[in-house]
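User: I've got a new model open and want a quick tour. Let's start with the vocabulary, then go through it bit by bit.

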Amino acid sequence: MLKKRITAIVVLLVGIALGWMVFRSQEANPPHFLARYPFRLGLDLSGGSHLIYEADVSQIPASQIDNSMASVRDVIERRVNAFGVSEPVVQVQNGGFGAVNTHQLSIELPGVTDITKAEEQIGQTPFLEFKVQSDKPMAPQNIVIGPDGKASTNIDVSNQFVSTGLNGKYLKQAQLVFAQGTNEPTVSLQFDSEGTKLFAQITKDNIGKVVAIYLDGQVISAPVVRDAITNGTAVISGSFTPEQARELVSSLNSGALPVPIHLISTETVGATLGSQAVHAGEMAAIIGFIIVGLFLLAWYRLPGLVAVIALALYVVITLALYKLIPVTLSAAGIAGFIISIGMAVDANILIFERAREERIRGRAIGEALSAGFQRAWTSIRDANISSIIIALILYFFGSSLIKGFALTFGLGVLISLLSAITITRLFLQALPTPKGNKSFIFSSGFTTKK
Amino acid sequence: MFVIKYKTLFISISAFFVAIAIVSLIAFGLPLGIDFKGGSALEVQYSGARPAIQTVNTAVANAGFDHTLVQPIGDQGYRIETATLTDAQRAQLVTVSGGTQTSFTSIGPSVGTELKHKAIASIILVLIAIILFVAYAFRKVSKPVSSWKYGLAVIIALMHDIIIPTGVFALLGHFMGAQVDTLFIVALLTTLGLSVADTIVVFDRIREHLKTKANMPFAQLVGESLSETFVRSINTSLVVLVVVLSLAIFGPATTQLFAIVLAVGMFFGTYSSIFLASPLLVVMEQSQKKKNK
């Protein structure tokens, strides 16, 4: 009994300390030493932009896709870092469903609410590709003679050139070079070691043929190969002005893409909207907690008070975990947390109701409570497993919005199992229980008879 | 237990609400939001009082934007939905609306389709996972009702829990312009989780009594299990309902509709675990008895 009481007091003190830390670590001005553990807020709450690009990987072999996507991520990340966003998150994600598999790049830019600039910067990333003439005969073309007697020049030559696998991924450096004699500005490309090998092979196989250099899907230069090039250097001479050549060089030097990408979805949230949502969320959580607490006190009396303390500990532990893991909180995530406050009480209600039945059957209060804990366990377990199944499915199936909810909801179910059973039991065992089986403070409901 | 005594009445009430939900679904359809069909949504705020909704509507239409839908958001803002916009069009729309942009979302049609498939798949997956789980949890129970019938009762209850909030949403969509978004699906799935938990608690009690009171008539046994778990079911649902309502009333605007759907779902979910799933078990047992005779 004494041991139980000491443990209960220790748990309570640890809870208070944890609560103090959670509270103090929010102090920003002046920054508390715990402030390095802030709540991590999602873009919808902190303000910022979220862009999703889809990569067109239809031209590259399946074995190269992951590799190329990683290279896309690195290139874009470098670009994003260059415009000074704090903590941007650039991730490759798989979209699509079933047989349709798409490869996406998700870019989160906290604090950036001017999406135009971000889009422009990312959109300028060049997509560089080397193609060679196809062996296949050109597809038959429909030439339409217009009413004016002239043939349309709309001839599709795109299938005349095929991808070689040599693309922006293998680019090491670009340089502005003025051609000897003509003084024409050209762009000299230096490949990395792998690219050098590839380029040597391509030029060797295509002597006397055209190797076309594509930039953003357009041919900018189509020289005829005279000899195998083994030093890994290619020159683009595309009748540039010196200004254009300089721009292209700087653009290529911050990275060129191995596959083309295009924007499929954007989201921008202003900072004020986010902070309003955070305040509203806090408000809803506090009011929800107070009403649940009052209900528990009124209905379950002393055990109710213990349940309220366990619930408070649940809240503190959960918030501390959000900071330590850290969990990125979105509006949906906060909703998951608030609902979990309600669900956290369920196990306690099950136990107390069971204990009441045992008491009605004539058991002494202490005995009835331990029987309540024991017998309620199977239903608590089975009921929570179903919630955990749902959280898991949501987490693995969902978009980032749903993931946020699934995480806080699932975490809530797990932690509340611990707090509602272990902590409540510890406290109830530490309290002195009356000998008989009738006691006002251990009864429940609105009558004292039962 | 009155629930078992008047089981036909309670099952009929469920059937009635399901019928109304299906009728409103057929009549009004389910309006899909841009999450699922693609498009752009712009939220603007006004520094003073916001202009009348017609003013904004006309201004936006005159500027040549297609498929627009203007809805008030908060006290000082509007949410304007359109077909997918380019960045220049977005800037134009902000100017036309006369407010300042607080948020902008643009979703490509392919993303929407993908999300729709995922949403349907996750609902089906959740249903399958729950039947399997219930059938497993009650695998040792076979008399007088076989274990898969517990699963069946749970599934009927769950269909009821999905169809009614969806029907309510069709009404909300028709009369208040609400649209189905990702959070709606989350609300449905969460409802399923909570409702199944409730039902399992009652079934768990039936399972326990079947071991100790094997001679009691099944209907009476189910009735006793129900009355023993009644207070708990009501109290738990009440507590969750309180936090969900607090989320709906005080919480962020983005999750308001979510909380309302969840509240409706919680209410009917609790109803189904008490007044539908267990009475159904009794009905199944009785029809089985008749067959055996």
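Analyst: Sure, strands first: two of them pair if DSSP finds at least two bridges between them. Helices (H or I, at least four residues) and strands (E, at least two) are DSSP runs, numbered from the N terminus. Residues are numbered from 1 along each chain as its sequence is written, with chains lettered from A and ligands numbered from 1 in the order in which they are written. This is a predicted model, where local features need pLDDT of at least 70 and side-chain atom pairs count only at pLDDT 80 or more, while totals for chains, interfaces and linings use all residues.

User: Cool. Which residue takes a positive phi in the hairpin of strand 7 and strand 8 of chain A?

Analyst: A:Gly181, with phi near 85 degrees; that hairpin has 6 residues between the strands. Strand 7 and strand 8 (185–191) of chain A are antiparallel, with 7 bridges. Along them, A:Val177 sits opposite A:Thr186, and A:Leu171 is across from A:Phe191.

User: What sheet order does that belong to?

Analyst: An open sheet of 3 strands in chain A, ordered 7-8-11 and antiparallel. Strand 7 (171–178) and strand 11 (233–236) are at the edges with a single partner strand each, so one side of each has no neighbour in the sheet. From one strand to the next, the twist averages 25 degrees. Strand 8 also pairs with strand 11 over 4 antiparallel bridges, and there A:Val187 faces A:Ile236.

User: Which residues of strand 8 are on the covered face?

Analyst: In chain A, that face has A:Pro185, A:Val187, A:Leu189 and A:Phe191, while A:Thr186, A:Ser188 and A:Gln190 make up the uncovered one. In general, side chains in a regular strand alternate between the two faces of the sheet.

User: And which helix lies across strand 7 and strand 8 of chain A?

Analyst: Helix 6 (242–253) of chain A, running at about 165 degrees to strand 7. Axes here are lines fitted to C-alpha atoms, for helices over the stretch in contact, and angles run from 0 to 180 degrees between N-to-C directions.

User: What about the open sheet of 4 strands, what's its order?

Analyst: It goes 6-5-9-10 in chain A, again antiparallel. Strand 6 (161–167) and strand 10 (218–221) are the edges, each with a single partner strand, so each has one side without a neighbour in the sheet. Neighbouring strands are turned by 45 degrees on average, direction ignored. Strand 5 (128–133) and strand 9 (211–215) of chain A share 5 antiparallel bridges, one of them linking A:Glu129 with A:Tyr214. Helix 5 (193–205) of chain A lies across strands 5, 6 and 9, at about 150 degrees to strand 6.

User: Switching topic: how many residues of chain B are in contact with chain A?

Analyst: 54, and they meet 57 residues of chain A; contact means C-beta atoms, placed from the backbone, within 7 Å. Helix 6 of chain B gives the most to the chain B side, with 14 residues. By class, that side has 30 nonpolar, 18 polar and 6 charged residues. For those classes, Ala, Val, Leu, Ile, Met, Phe, Trp, Tyr, Cys and Pro count as nonpolar, Asp, Glu, Lys and Arg as charged, and the others, Gly among them, as polar.

User: Which strand of chain B pairs with strand 12 of chain A?

Analyst: Strand 4 of chain B, antiparallel over 5 bridges with strand 12 (261–269) of chain A. In that pairing, A:Val269 has B:Ser103 as its bridge partner.

User: Which residues touch the most other members of the largest nonpolar core?

Analyst: A:Ala335, A:Ile338, A:Leu394, B:Val186, B:Val244 and B:Phe258, in a core of 207 residues. Helix 7 (271–324) of chain A gives the largest share, 22 residues. A nonpolar core is a set of buried Ala, Val, Leu, Ile, Met, Phe, Trp, Tyr and Cys residues joined through C-beta atoms within 7 Å. Buried means 20 or more other C-beta atoms within 10 Å of a residue's own, exposed 12 or fewer, and partly exposed in between, with C-beta atoms placed from the backbone.

User: Last one: why is B:Met159 partly exposed?

Analyst: Because B:Met159 has 13 other C-beta atoms within 10 Å. B:Met159 lies in helix 7 (147–176) of chain B, and its C-alpha is 9.9 Å from that of B:Ser272, 113 residues apart along the chain.

Definitions and conventions. Contact = placed C-beta atoms within 7 Å.
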